[in-house]
Amino acid sequence: MTRPPAIILAGGRATRMGGGDKCLLDLDGRPMLARIALRLAPQCAALALNANGDPGRFADFGLPVLPDSLPDLPGPLAGILAGMDWAASRGDRAVVSVAGDTPFFPPDLVDRLMQAGNGIVLAASRDAGGRVTDHPTFGLWPVALRDALRAFLAGGQRRVRGFALAHAPAMAVWDAASADPFFNINTPEDLARAQALARQERQA
């Protein structure tokens, strides 16, 4: 199967981190975005970044920067739409989305998403108690649904999970008994934990 391209979602306001671009925060000596791109690039056909404002601040990463096509920063679903439109312009049938604040996602993310279904596929993790939690900013999105997504957003809907559930998504589930690979950085405390995890990963 042909690997799809991927969009890194970094269009949010990061209010709990004091504003700015979370993906540019230093994580064990390099920007979080660099870590994410390095982990994701071998898994997909091409990479792009969804971000708003001046794209020049991402010039060092060599990625296409795709802004939201809708006003008022409607959230990650608008970034997924930007990724769908970009993938469609390339002639691809689907695009993978990855959150720009989640640097430890699985190295087999794209393969497992592709194996789980032909429509929308969401990533999920299973904890030590067997509870499964989905992570809808990590998913596989058929570009055939981009008009449906555009209409969903135009109707004032914003929830990624809400759109996915309207189209009977499949799930790819990873084990998170010891550590959740979809741990995301929302607060300074999360960043401190991520620094420790990144050092452990480097030293392993």
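This tour visits a strand with its two partner strands and then a pair of cysteines in a predicted model.

**Stop 1: strand β1**

Select residues 6-9, which form strand β1. Display the side chains and turn the view until the two faces of the strand can be told apart. Ala6 and Ile8 point one way, while Ile7 and Leu9 point the other way. In a regular strand, side chains alternate between the two faces of the sheet. Are these four side chains of β1 buried or exposed? Ala6, Ile7, Ile8 and Leu9 are all buried.

**Stop 2: strand β4**

Keep β1 visible and add residues 47-50, which are strand β4. The strands β1 and β4 run parallel and are joined by four bridges. Now select isoleucine 7 again: which residue of β4 stands opposite isoleucine 7? The residue is alanine 48.

**Stop 3: strand β6**

Next, add residues 94-99, strand β6. Four bridges connect β6 with β1, and these two strands also run parallel. Within β6, serine 97 is the bridge partner of isoleucine 7. Isoleucine 7 therefore offers a useful point from which to view both pairings: alanine 48 lies opposite in β4, and serine 97 is the partner in β6.

**Stop 4: cysteines 23 and 44**

Finally, select cysteine 23 and cysteine 44. A disulfide is a covalent bond between the sulfur atoms of two cysteines. How many disulfides does the structure hold? The structure holds zero. Why is cysteine 23 not bonded to cysteine 44? The closest cysteine sulfur to that of cysteine 23 belongs to cysteine 44, and because the distance is 16 Å, it is too far for a bond. Cysteine 44 is likewise in no disulfide. Cysteine 23 counts as buried because its relative accessibility is 2%, and cysteine 44 counts as buried at 10%.

Definitions and conventions: Residues numbered from 1 in each chain as written. Predicted model: local features only at pLDDT ≥ 70, side-chain atom pairs only at ≥ 80, totals over all residues. Heavy atoms only, no water. Buried < 20%, exposed > 50% of the residue type's maximum accessible area, 1.4 Å probe, protein only. Pairing = 2+ DSSP bridges. Disulfide = S-S within 2.5 Å.
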